[in-house]
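User: I would like to go through this model one question at a time, with short reasoning before each answer.
Analyst: Go ahead and show it.

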Amino acid sequence: MKYAVIFPGQNFQSIKNLNNLAKKYSSIKKKFYEASDYLNCNLWNIIQNLDEKKINLNNYIQPIILTISVSIYNIWKQKKQKKPTIMVGHSLGEYSALVCSNSINFGDALKLIMIRSKLMQEVSIKNEGLMYAIVGIDKNIINNICNLVSNKEIVSIAAINSPDQVIISGNKNSIIKTIKICKNIGAKYVIKLPTKIPSHCILMKDISIIFKKKLKKIKFKNPKYLFIDNANAKFINSESDIKNSLVKQLYCPILWTEVMKLIEKKIFLSIEIGTKNILSNINKYLTKIKSLTINNEKNLYTALKYILNKKENNKNV
C-alpha cells in the first residue's frame, strides 16, 4: 500500500504522549540529547519542567517539535519495512519531512530552525502579532475581510487548512478587528494559536532575505521520497526549489488544502507523526484518504496493523 507521512507544524504538544512513548523507546531521549548537544541546551529538561502552554511559548519550541517528529518517525521506520511514497510537513513540519527524507541532516535542520526562530521573534518584537484559526467561514470571505481591515497594520491569511478552516496572521490590532467581524457574520469557532509571532504573512518578508543567505551555507540532497512544498503546493526535489520553498513559506500562506488534494491523487492513507492528531482530524474532512496518527503506542500498532493487513486489490495501491 502506498501511503504518505505528514508532519505537523507549531501547535500544542502533548508531553504526556511523548513521555509514554519515551518510557517504551529509549531512542526518543537519545534524539533529544543529540539535539541538546547541537544547541548547547537541555531540551529534554525544558519539556519536563514546563507545562504544555509554556512549552509552546518557549524560545526552543521549534527544535523541540522537530526532535519530537524525527524521533517518533524513527520508531515507525524501525517497525515498518514498507517505505512511504510521499513525505510532507505543515509549515515547520517541512523541516521534519526533509530530515526524514534524507534531504538534510538533523544537525543542519536544527541550525536552520534556530536561525528561523530567532529571526521570527525579532519580527514579533517590532510588530506585536497574533494568529487565529477561524472555522466556519469561506476563505474568500475571510480574505476580503482581511483586505478591508488592513491599512497601516497587516492581517492576512496564513494557512488554508480546509475549505472552512483558515488561519490568519498579522498585527494584533488588525487581527482583533478581523476576529470581531468574523464572529459577527457567523464563525463557528475562533481559536487563538499559542504564538505571538505573525507567521506566514508579509511582515516576514524582510527576514526572508536574511534567511535566504543563511540557507546558501546548507547542503540539501534530493528527497528520498516525493515531497510537496507548502507555499506552491507542487512536487519538488531539487536543492534550489527546496530552498526557495523554505524562504517563501516564511511570508506566504500554507496551502494545505491543495497539498492534500495532490496527495489524494497518489495514495490512500496518510499517517501523521506527532504528539496529537490535529492534521489527521483536518484531513478526515478534507479528503477521502484514510487518516491515522502515531502519537502513542496503541496508535503505532493500529497503523502497523492497518498497513500489514490491507489487501492490495490493484496495482496502483
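User: Which residue is the bridge partner of Y132 in β6?
Analyst: The model is a predicted one. β3 and β6 run antiparallel and are joined by four bridges. In β6, the residue that bridges to Y132 is K192.

User: How many bridges join β3 to β5, and what is the bridge partner of M131 there?
Analyst: β3 and β5 run antiparallel, with seven bridges joining them. The partner of M131 in β5 is S169.

User: In what order do the four strands of the open sheet with antiparallel pairing stand?
Analyst: β4 (155–162) and β6 (189–192) each have a single partner strand, so they stand at the edges and one side of each lacks a neighbour in the sheet. β4 pairs with β5 (residues 165–171) in the antiparallel sense over six bridges, and within this pair I167 of β5 is the bridge partner of A159. The order of the four strands is β4-β5-β3-β6.

User: By how much are neighbouring strands of the sheet β4-β5-β3-β6 turned against each other on average?
Analyst: The sheet in question is the open one with the order β4-β5-β3-β6. Ignoring direction, the average turn between its neighbouring strands is 25°.

User: Which strands does helix α9 touch where it packs on the sheet?
Analyst: Helix α8 (residues 139–149) packs on this sheet and touches β3, β4 and β5, with its direction at about 170° to that of β4. Helix α9 (residues 172–184) also packs on the sheet, and its direction makes about 145° with that of β5. The strands touched by α9 are β3, β4, β5 and β6.

User: How many residues of β3 are buried?
Analyst: In a regular strand, side chains alternate between the two faces of the sheet. In β3, G129, M131, A133 and V135 point one way, L130, Y132 and I134 point the other way, and all of them are buried. β3 is therefore largely enclosed by the rest of the structure, the count of buried residues being seven of the seven.

User: In the sheet with parallel pairing, what is the order of the five strands?
Analyst: β7 (226–227) and β9 (290–294) each have one side without a neighbour in the sheet, because they stand at the edges with a single partner strand each. β1 and β8 (residues 269–273) run parallel and are joined by three bridges, and I6 has E272 as its bridge partner in β8. The open sheet has the order β7-β2-β1-β8-β9.

User: At what angle to β9 does helix α14 run?
Analyst: Helix α6 (residues 93–100) lies across β1, β2 and β7 and runs at about 150° to β2. Helix α14 (residues 297–309) lies across β8 and β9. The angle of α14 to β9 is about 140°.

User: Are α10 and α11 roughly parallel or roughly antiparallel to each other?
Analyst: Helix α10 (residues 205–215) packs with α11 at an angle of about 160°, and their axes are 9 Å apart. The contact involves residues including F211 and L215 of α10 and L246 and L250 of α11. α10 passes α11 in a right-handed crossing. An angle over 145 degrees counts as roughly antiparallel, so α10 and α11 are roughly antiparallel.

User: Is S245 buried or exposed?
Analyst: S245 is in helix α11 (residues 239–251). Beyond its neighbours up to four places away in sequence, S245 touches E94, D229, N230, A231 and I236, and its side chain makes a polar contact of 3.3 Å with that of D229. Its relative accessibility is 2%, so S245 counts as buried.

User: Which side chain is joined to that of S91 by a polar contact?
Analyst: S91 is in the loop between β2 and α6, and at 9% relative accessibility S91 counts as buried. Leaving aside neighbours within four places in sequence, S91 is in contact with R116, H200, N230, Q249 and I254. The polar contact, at 2.7 Å, joins S91 to the side chain of H200.

User: Which elements do the buried residues of α12 pack against?
Analyst: In helix α12 (residues 256–264), the buried residues are W256, T257, V259, M260, L262 and I263. They pack against β1 (4–7), β2 (86–89), β4 and α13 (278–286).

Conventions
Residues numbered from 1 in each chain as written. Predicted model: local features only at pLDDT ≥ 70, side-chain atom pairs only at ≥ 80, totals over all residues. Heavy atoms only, no water. Pairing = 2+ DSSP bridges. Helix = DSSP H or I, 4+ residues; strand = E, 2+ residues; numbered from the N terminus. Axes fitted to C-alpha atoms, helices over the stretch in contact; angles between N-to-C directions. Contact = heavy atoms within 4.5 Å. Buried < 20%, exposed > 50% of the residue type's maximum accessible area, 1.4 Å probe, protein only. Polar contact = N/O pair within 3.5 Å; in protein donor to acceptor, adjacent residues only side chain to side chain. Parallel < 35°, antiparallel > 145°, perpendicular 65-115°, else oblique. Left-handed = near helix turned anticlockwise from the far one by under 90°.
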